[in-house]
Amino acid sequence: MATNPNQGGKKLVRSKSGLRMVAANSAFRSPFELEEPPWVPDSECSQCMSCNAKFDFVKRKHHCRRCGKCYCDKCCQHKVALPRLCFLDPVRLCYDCAVITQKENEFYDKQLKVLLHGAAFQLSCPDDMENLSEPCLCKLSADHRFLLFDSAGHAKHSPVELEQVVAIQILTAGEDSQGRDVLCFCSRVSMSASPDVDTHLQRACKV
């Protein structure tokens, strides 16, 4: 059941991996957030888990902050921002985790900012897919947990929890007469009004 999208706060926590700014209440975590992984104990890693180099006083062991595995400096030398784990500063990552994280950071730096700022959409009900007549500002809540709708008309749309969106299908893509990107897509949202009732909300949107 959807709750108030404005609830929750942040707290600063320190772990052996670094400083993190996380939700004060875990119930209000971003759905994009990852759990901090446990580190492989030093007693269980006598060699690099990538190149198999033996650790000694010269070749020291390091733990990847994303996967928690143990590597030598050469195999775990990347310092990358890791917003999905809420670290305040760039952290040490192995090669594989660095590649994944850098791709995810493109989403955080570009697409997520657009989602948080919001964009104009046209909404329709499932029985009237061709009549896209209701303009609406749709944006993601600050904690990334809700889709918020601000209709220009009298209709009010309740926030939708992002985890309830079960599918998004791109129907068409192209450019309008002014060269702007146009996407038409339909999202199917499964929402339980009560334990015994399961309803489905569909929204057809055009940017």
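Here are four short exercises on this predicted model, each with a worked solution.

**Exercise 1: the overall layout**

Work out how many helices and strands the protein chain has, and in what order they run.

*Solution.* Start with the tally: one helix and 13 strands. Now walk along from the N terminus, and you get β-β-β-β-β-β-α-β-β-β-β-β-β-β. Next, look at burial: 34% of the 207 residues count as buried. As for the surface, the chain exposes about 13,200 Å², with carbon and sulfur atoms supplying 53% of that. Finally, take the contacts with a separation of 6 or more: residues 24 or more positions apart account for 39% of them.

**Exercise 2: the nonpolar cores**

Find the largest nonpolar core and say which elements give two or more residues to it.

*Solution.* Begin with the size, which is 19 residues. The ones with the most contacts inside this core are Cys48, Cys64, Tyr71, Leu82 and Leu93. Then check the elements: strand 4 (70-71), strand 6 (91-93) and helix 1 (95-117) each give two or more residues. Don't stop there, though. A second, separate core has ten residues, including Tyr108, Cys138, Phe149 and Val160. Now zoom in on Leu93. Skipping its neighbours within four places in sequence, Leu93 is in contact with a list of residues that includes Cys64, Cys76, Val80, Leu82 and Ala98.

**Exercise 3: two positive phi values**

Which loops hold Cys86 and His144, and are these two residues buried or exposed?

*Solution.* First, the background: most residues other than glycine have a negative phi. Cys86 goes the other way, with phi near 65°. Cys86 sits in the loop between strand 5 (78-80) and strand 6. Its relative accessible area is 13%, and the cut-off for buried is under 20%, so Cys86 is buried.

Now do the same for His144. Its phi is positive too, at about 70°, although His144 is not a glycine. This residue lies in the loop between strand 8 (134-140) and strand 9 (146-151). With a relative accessible area of 13%, His144 is buried as well.

**Exercise 4: Leu162 and its surroundings**

Locate Leu162 and list what it touches beyond its neighbours within four places in sequence.

*Solution.* Step one is the address: Leu162 is in the loop between strand 10 (160-161) and strand 11 (165-175). Step two is the contact list, which runs Pro31, Phe32, Leu140, His144, Arg145, Phe146 and Leu147. Step three picks out one of these, Arg145: it is 17 residues from Leu162 along the chain, yet their C-alpha atoms are separated by 5.4 Å. Notice that His144, the positive-phi residue from the previous exercise, is also on the list.

Methods: Residues are numbered from 1 along each chain as its sequence is written. This is a predicted model: local features need pLDDT of at least 70, side-chain atom pairs count only at pLDDT 80 or more; totals for chains, interfaces and linings use all residues. Side-chain values use heavy atoms; hydrogens and water are left out. A nonpolar core is a set of buried Ala, Val, Leu, Ile, Met, Phe, Trp, Tyr and Cys residues joined through side-chain atoms within 4.5 Å. Buried means under 20% relative accessible area, exposed over 50%, partly exposed in between (1.4 Å probe, protein chains only). Contact means heavy atoms within 4.5 Å. Accessible areas come from the Shrake-Rupley method with a 1.4 Å probe; for residues, only the protein chains shown count as cover.
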